[in-house]
Amino acid sequence: MDRESRALKFLIDTNSLPSPERAAPGDATTPAAALNRLAGQLTHRLYVHPAACIDTSASKPSFKLHQHPNLPGKCLLLPTPPQVPPPFETVFGPAPSGTEEWLGHRLLAALAADAVDFLISADGDLYRKARRLGLERRVLTIAEAVALITDLSERPSSPFPIVEEVKAETLSPDDPIFDGIPDGGAVVLGSDEDSRSAWVIRDDRRNVTGLCIAGLDRLPPPLLSGKVLKVWFCRLCAQSNSSRSGELLLRALFDHGARHRYDWAHCRVPRGREALVQLLEDFGFGRLSGQDSSEELVLAKPLHPMQDEIGVPHPLAFHIRFGPTHFRMEDVDYYLVPISPDLSQQLFPECESQRALFRNKRPFGNPIRKAYVSRSPVLNVAPGSVLLFYRTGDQRGLVASGVVEETIPSQTTRDAIRALGMRTVYTSGELDELCVRPVSVLLFRQALAFRPEIPLAKLIDHKVFKQVPQSIAKLDGEGLAWLRGFLAGFQSAPSSTQAAQIHPLPSPAS
């Protein structure tokens, strides 16, 4: 692809931008300004839907492109936008003309019809509707759009943030991350006796841009039995790459819960914190029955399989609810995925025998949700299947496992970029080389990491395979039975604790 044909099309949800009166005209440090600058440098296209410029409601002022200082200056009106298809109304219900919901359906229609590659929005309801349409990978915040453009460019990506674990009491209650909280951060930080743990993400200036605080709940909600971990605080600043940074914090939280053998994690989320609710829901938290109030939602997640698993029949749903380290081992397919040492280092940096002295310069190795691009054009790998990543070359052994979310055939580089979204593994140029013929994009969630790796000799001795396959291969037979038992040793035994009544958050149409 040449420079012009690599241009991506981004549609901006104007309702997700800060209001003009709250904006700082000329501020070059905002994510919108960074998006405008990068899009101009790399020829990407930024669009606004014509419906956003129409005043069809007396309560909604007409939107003027030139009057909104937070809108990138080179935005264009989307030409010939598609009509909202009839199934939208069947799925989501009718939307009164001129409302935000009415506009949102038109934005989603443009995305579903591939009139644009990505939708830029911070609207939680819009994201959930996109998820029902299978389009959630293509809905980004402004900061995420900036990160995506940077990752796809030929220029080196900025180092990905590191999560630092500290004792909560060592943080300052006056830090700006606590702005808007009654009594600042004093309450959530607790005291020396509480011994709460905190996971911090800082920028290059050492400012806190992401923070999660959790500790043992001595008075947990009555529906939660066993050892309960309470999340006292979780927040990301507006400039952070929320999806990746949020996953980093949750990954640290889940690791802490596993190491200290907690049965549950729960948190109280003030109503209106849509981005946080969305993040928690994506990783298995659900609403705790009968515990909500007018001011907040109470969400909970089991940290290992419970005795009652009737409500989670599908292996992918099982993994989302009880993962990341737990996955269903029976009645699922297993696939061996050979990967090069370079790709292994990027996807699974924690599995390196000698840790790098510098932070990972490519961003996709750290979160839970990842992707793998296979040169095989047709892969029939079902959601919930287990991927076992075999590192070729130096270490020669299994380094990690994952659970498949979706397999997407891609004919072109643009198809692959749309499928990968924020999980992009390669630059546009590298994808061009892969996509000279059709490929398959495997979206998966990382489960176990093996340190040290499970060596080749052991795999051969136990008849997992006779020789290492050169491409993705399905495993079966005697060796698979041994492998299942071996993997079970990495997971703690299921608890006898009964599952509480937790429910997924209601969909927008319910």
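The exercises below concern a predicted model of one protein chain, and each is followed by a worked solution.

**Exercise 1. The chain as a whole**

State how many helices and strands the protein chain has, what share of its residues is buried, and what share of its contacts joins residues 24 or more positions apart.

Solution.
- Step 1. The secondary structure comprises 14 helices and 19 strands.
- Step 2. Of the 510 residues, 52% are buried.
- Step 3. Among contacts with a separation of 6 or more, 73% are between residues 24 or more positions apart.

**Exercise 2. Helix 3 against helix 4**

Describe how helix 3 (residues 100-112) and helix 4 (residues 124-132) are placed relative to each other, and which residues meet.

Solution.
- Step 1. Two packed helices are described by the distance between their axes and the angle between those axes.
- Step 2. Here the axes come within 11 Å and cross at roughly 40°. Helix 3 is therefore oblique to helix 4.
- Step 3. The crossing of helix 3 with helix 4 is right-handed.
- Step 4. Helix 3 contributes E101, G104, H105, L107 and L108, and helix 4 contributes L126, K129 and A130. By class, this contact holds 4 nonpolar, 2 polar and 2 charged residues.

**Exercise 3. Helix 4 against helix 8**

Classify the arrangement of helix 4 and helix 8 (residues 274-282) from their axes, and give the make-up of their contact by residue class.

Solution.
- Step 1. The axes of helix 4 and helix 8 come within 9 Å, with a crossing angle of roughly 30°.
- Step 2. Angles under 35 degrees count as roughly parallel, so helix 4 is roughly parallel to helix 8.
- Step 3. G124, D125, Y127, R128 and R131 of helix 4 meet E274, V277, Q278, E281 and D282 of helix 8. The class count for this contact is 2 nonpolar, 2 polar and 6 charged.

**Exercise 4. The surroundings and ends of helix 4**

Which residues of helix 4 are buried, what covers them, and what is found at the start of the helix and just after it?

Solution.
- Step 1. The buried residues of helix 4 are G124, L126, Y127, R128, K129 and A130.
- Step 2. Their cover includes helix 2, helix 3, strand 4, strand 5 (139-140), helix 8 and strand 14.
- Step 3. At the start of helix 4, a side-chain oxygen of D123 lies within 2.9 Å of the backbone nitrogen of D125.
- Step 4. After helix 4 comes G134, with a positive phi near 75°.

**Exercise 5. Two residues compared with their surroundings**

For F88 and H266, decide whether each is buried or exposed, then list the contacts of F88 and H266 beyond four places in sequence.

Solution.
- Step 1. F88 belongs to helix 2 (residues 86-92). Its relative accessibility is 5%, so F88 counts as buried.
- Step 2. Beyond its sequence neighbours, F88 is in contact with G93, H105, L108, A109, A112 and L133. The C-alpha atoms of F88 and L133 are 9.4 Å apart, although 45 residues separate the two in sequence.
- Step 3. H266 sits in strand 10 (residues 264-270). H266 has 1% relative accessibility and therefore counts as buried.
- Step 4. H266 touches D217, P221, L224, V228, L229, K230, V231, F285, V298, L299 and A300. The side chains of H266 and D217 are joined by a polar contact of 2.7 Å.

**Exercise 6. Helix 11**

How many residues of helix 11 (residues 413-420) are buried, and which elements cover them?

Solution.
- Step 1. Of the 8 residues in helix 11, 6 are buried, namely T413, A416, I417, R418, A419 and L420.
- Step 2. Among the covering elements are helix 5 (142-152), strand 16 (397-410) and strand 17 (439-455).
- Step 3. G421 follows helix 11 and has a positive phi, near 55°.

**Exercise 7. Backbone details**

Locate the cis peptide bonds before P324 and P452, and place T80 and D331.

Solution.
- Step 1. G323 and P324 are joined by a cis peptide bond with omega about 15°. P324 lies in the loop between helix 9 (315-322) and strand 13 (334-339).
- Step 2. The bond between R451 and P452 is also cis, with omega about 0°, and P452 lies in strand 17.
- Step 3. T80 has a positive phi, near 40°, and lies in the loop between strand 3 (76-77) and helix 2. With a relative accessible area of 75%, T80 is exposed.
- Step 4. D331 has a positive phi, near 60°, in the loop between helix 9 and strand 13. D331 is exposed at 78% relative accessibility.

Terms used
Residues numbered from 1 in each chain as written. Predicted model: local features only at pLDDT ≥ 70, side-chain atom pairs only at ≥ 80, totals over all residues. Heavy atoms only, no water. Axes fitted to C-alpha atoms, helices over the stretch in contact; angles between N-to-C directions. Helix = DSSP H or I, 4+ residues; strand = E, 2+ residues; numbered from the N terminus. Parallel < 35°, antiparallel > 145°, perpendicular 65-115°, else oblique. Left-handed = near helix turned anticlockwise from the far one by under 90°. Contact = heavy atoms within 4.5 Å. Nonpolar A, V, L, I, M, F, W, Y, C, P; charged D, E, K, R; others polar. Buried < 20%, exposed > 50% of the residue type's maximum accessible area, 1.4 Å probe, protein only. Polar contact = N/O pair within 3.5 Å; in protein donor to acceptor, adjacent residues only side chain to side chain.
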